[in-house]
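Q: Could you take a close look at one part of this model for me? I'd like to hear about the charged side chains and the salt bridges they make.

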Amino acid sequence: MKRLCTFRLGGMILALPSEEVREVIRYDAPTPVPLAPDGVVGLINLRGEFATVVDVARRLGREPAPPAGGIGLVLRGARVTLRADGAGDVVEADDASFEPPPETLKGTARDLVAGTYKIADILVLLLDSGRILS
């Protein structure tokens, strides 16, 4: 069994292994950073430390998230927050239900999705946090 921290982005349910997520926070508008790589929307002050904000939608080749609302997932061992629409639950996923990314997933998204889990008739896309951040 694998514990996954799920979150929403548009109509998708995405996940990261729970051990990679330090906390889920309310999204605050970041301070833009000039000449930042695509997907990096700025910096926030996270209890006295700067954290880079990455818009998961932009990294997946989708429309950028609206400027207000949503959540941030703070990753362990990195000063990075992933921007998403809303939090989900921490769920248990059976290793036997893991499958590679579907063939219908194209472009950048295919490179960033490690695979899928089917949990209670819902397809959950497992992100590769290392690739999201590179």
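A: Let's start with Arg110, which is partly exposed at a relative accessible area of 28%. Keep in mind that this is a predicted model. Arg110 pairs up with Glu103 in a salt bridge, and the closest N and O atoms there are 3.5 Å apart. Glu103 itself counts as exposed, at 60% relative accessibility.

That pair has company, since searching the whole structure turns up eight salt bridges. One of them joins Asp38 to Arg58, with the closest N and O atoms 3.2 Å apart. This pair ties together distant parts of the chain: Asp38 sits in the loop between β3 (21–26) and β4 (40–46), Arg58 sits in helix α1, and 20 residues separate them. Asp38 counts as exposed because its relative accessibility is 56%, and the cut-off for that label is over 50%. Arg58, at 29%, counts as partly exposed.

Then there's Arg26, which forms a salt bridge with Asp28; here the closest N and O atoms are 3.1 Å apart. Arg26 is exposed, with a relative accessible area of 64%, whereas Asp28 is partly exposed at 38%.

Salt bridges can also join up into something bigger than a pair: Arg22, Glu23 and Arg47 are linked in a network of them.

One more charged group deserves a look, though its partner is a ring. The charged end of Arg83 sits over the ring of Tyr27, 4.1 Å from the ring's centre.

Definitions and conventions:
Residues numbered from 1 in each chain as written. Predicted model: local features only at pLDDT ≥ 70, side-chain atom pairs only at ≥ 80, totals over all residues. Heavy atoms only, no water. Lys NZ or Arg CZ within 6 Å of the ring centre and 35° of its normal. Salt bridge = Lys/Arg side-chain N within 4 Å of Asp/Glu carboxyl O. Buried < 20%, exposed > 50% of the residue type's maximum accessible area, 1.4 Å probe, protein only. Helix = DSSP H or I, 4+ residues; strand = E, 2+ residues; numbered from the N terminus.
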